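Q: I would like to learn how to read local features in a model like this one. Could you take me through some cases?

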Amino acid sequence: DGYILGISLAVEDETAVYISTDCIEDEAASLLQTLFNKKKVIMHNAKFDLAMLEYHFDFEFPSIDDTMLMSYMLNEVPGNHGLKTLAIKHTPYGDYEKPMYDFMDDYCRRNGILKGDFTWDMIPFDLIQVYAAMDACVTYRIFHVFQEELQKDPQIYRVYKQLLIPAMKFLKDCQDTGVPFDRKRLEVSQNIMEADIQQAINRLYEFKEVKSFEDFQDKGFNPNSTLQLRKLLFDFIGLNPTGKKTGTGAHSTDAEVLQQLGEKHEVPQLILEIRQKGKIKNTYLDKIIPQLDRDSRLRTNFNLHGTTSGRLSSSGKLNMQQIPRDNPIVKGCIKAREGHRIVAMDLTTAEVYVAAVLARDEKLQDVFRQGGNFHSTIAKVVFRLPCEVEEVAEYYSVKRQAAKAVTFGIMYGAGANKISAQVTKDSGTYFSVSEAQEVIDDYFRQFKMLKKWLEDKKMEIAKKGHIYSIFGRKRRLPNVHSSDKGVASHEVRSGINFLVQSTASDINLLGAVDMNNYIKEYGLKSKIFALVHDSILAEVPDHEVDAYCEKLKYFIQKPREGCVIQGAPIGCDFDIGDDYSFGKFEKTYEA
């Protein structure tokens, strides 16, 4: 979507040059490539710079470092890794960008231009050369600061070199591939969603309580107004508030509340439907179409430095991590080209698998070795149920839900209250707090090593204020020393969650990196275009589907850092179809 105005270079921390791309013809480009071949090249946010320089100049960079990822390794809190922030913190140069942004503000004001329409080529060469050269100086300087700090901790330095740099190169390829959308289906989906929303609105206005409210207000009801909605639900319809409050102490009308109230009256259901479908249309369908490239692909960002847990985040034109799960309409618009298929690989019960390995709990590992339905097997073991695993869901559904809730809940420090609420919600049958506590006790009586591991790690986190994952990622948890017990216990739970979540995420990421390298080495036409939570998404030619699935499974299940259960590699589920909804789009919308 852009072009390069110039390139900045620094070979020491107080001197740099800025070269206008107007000067970079064949001879200069050849000399630059010679330089890049001989020297380590340091960039800040290398994923972006590499993509631009490779695309526009066909440059290659055999050896690179990325100061943004180095910063992330030293402080995993998102939002602290911009070059300006790091310059102010680690160099004497301060806010060197200010003169340029002052010029930008003045230029927009004098010429009647919106800031969003301002482009960098409007800045005079004499001004931009200083800013651009300073960028190179700062990057060079902070590299040496970060390199020294990273080398003091071999674990995080290894993560940076062996995981983040290869993953950054893979994500660059992933972003360049782009997410394949079907433009016609997007347009059809816009109309479908608009019709659905209008139908729900029409139904809403049929209720006498809404008409009474409008007569009282002497104006139309706005379902997006929290004040009006609160008055309608609690004063005119007469529903009892759930007890959930907003930050200001008012009764909440968020999605969770509307769902609960919807069990008692249809109006909250309709309001929730209007909100959810309106968000899908406005946030996704309407915004995707104008951002598609000529090849009907949307190129967005996948970030390694956006979460404290080490999981990927997504930003830019589309946040792929927030695509609606319950409604298949957006997923259904991610569609393979003719002669290709969408292949999604999902890790199965990955975090529990990791916990079983880390805790060295043979009894929990045996559940994975037995195969079959995982949660039914857990329920049979915990409650010693007198039936076959296949019969648990039919005869002991509430106990199965209880075992499932504890299995997932223990990673997040869920207690009896949380388990009680979760099982009651999932099963539709009231499950008391005392029953929940009994399940937790029974669970840990069966999986004693898991309990011991959790207790040991909680003590380690509380004592040290940090923890390392099996791959060497470091999670700093300074609030464990807080005088507020609630804050301190939350910090400990975050550390436990990090140990399992980051490990599962890294297994997935490393598998995708290896698969991408294999695709390039052997000249396959398959293309990985996204990582969404624990899924790897690819567009694969029909004739490569079997080979792709077999090889990706091999890379995902490859033993890494000893994180494997002998006789039971981590589970991989594959979905294959014409679109990312795998038939749910056609089934739901008959389109």
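Q: Which residue follows helix H14, and what is its phi?

A: Arg360 comes right after H14, and its phi is positive, near 55°. Helices and strands here are DSSP runs numbered from the N terminus (helices are H or I with at least four residues, strands E with at least two). The model is predicted, so local features need pLDDT of at least 70 and side-chain atom pairs pLDDT 80 or more, while totals for chains, interfaces and linings use all residues. Residues are numbered from 1 along each chain as its sequence is written, and side-chain values use heavy atoms, leaving out hydrogens and water.

Q: Where else is phi positive in a residue other than glycine?

A: Asn45 is one case, with phi near 70°. You will find Asn45 in the loop between strand E3 (41-43) and helix H2 (46-57). Glu561 is another case, with a positive phi of about 55°, and Glu561 lies in the loop between helix H23 (545-556) and strand E14 (571-577).

Q: Are these two loop residues buried or exposed?

A: Neither label fits. Asn45 is partly exposed, with a relative accessible area of 26%, and Glu561 is partly exposed too, at 41%. The cut-offs are under 20% for buried, over 50% for exposed and in between for partly exposed (1.4 Å probe, protein chains only).

Q: How many residues of H14 itself are buried?

A: Nine of the ten residues in H14 (residues 350-359) are buried, so the rest of the structure largely encloses this helix. Among them are Glu351, Tyr353 and several alanines and valines, such as Ala350, Val352 and Val354. These buried residues pack against strand E9 (340-348) and against helices H15 (362-370), H16 (374-383), H18 (397-409), H21 (448-464) and H22. Contact here means heavy atoms within 4.5 Å.

Q: What does the largest nonpolar core look like, and which residues have the most contacts inside it?

A: In soluble globular proteins, nonpolar side chains tend to be buried together. The largest core in this model has 181 residues, and Phe181, Met320, Leu450 and Tyr548 have the most contacts inside it. Helix H22 (residues 485-521) gives the largest share, 13 residues. Such a core is a set of buried Ala, Val, Leu, Ile, Met, Phe, Trp, Tyr and Cys residues joined through side-chain atoms within 4.5 Å.

Q: Which residues is Met320 in contact with?

A: Leaving aside neighbours within four places in sequence, Met320 contacts Val179, Thr300, Phe302, Ser314, Ile334, Ala530, Val532 and Leu537.

Q: Which residues does Leu312 touch, and where is Leu312 found?

A: Leu312 sits in the loop between strand E7 (301-303) and strand E8 (313-315), and at 14% relative accessibility Leu312 is buried. Beyond four places in sequence, Leu312 touches partners including Leu171, Asn303, Gln321, Ser505, Leu509 and Leu531. Leu312 is also 9.6 Å from Asp506, C-alpha to C-alpha, with their places 194 residues apart in sequence.

Q: What about Thr177: buried or exposed?

A: Thr177 is buried, with a relative accessible area of 14%. Thr177 belongs to helix H7 (residues 154-177) and, apart from residues up to four places away in sequence, touches Arg297, Arg299, Lys527, Ile528 and Phe529.

Q: Which residues of H9 and H10 meet?

A: From H9, Glu209, Val210, Ser212, Phe213, Phe216 and Gln217 meet Gln228, Lys231, Leu232 and Phe236 of H10.
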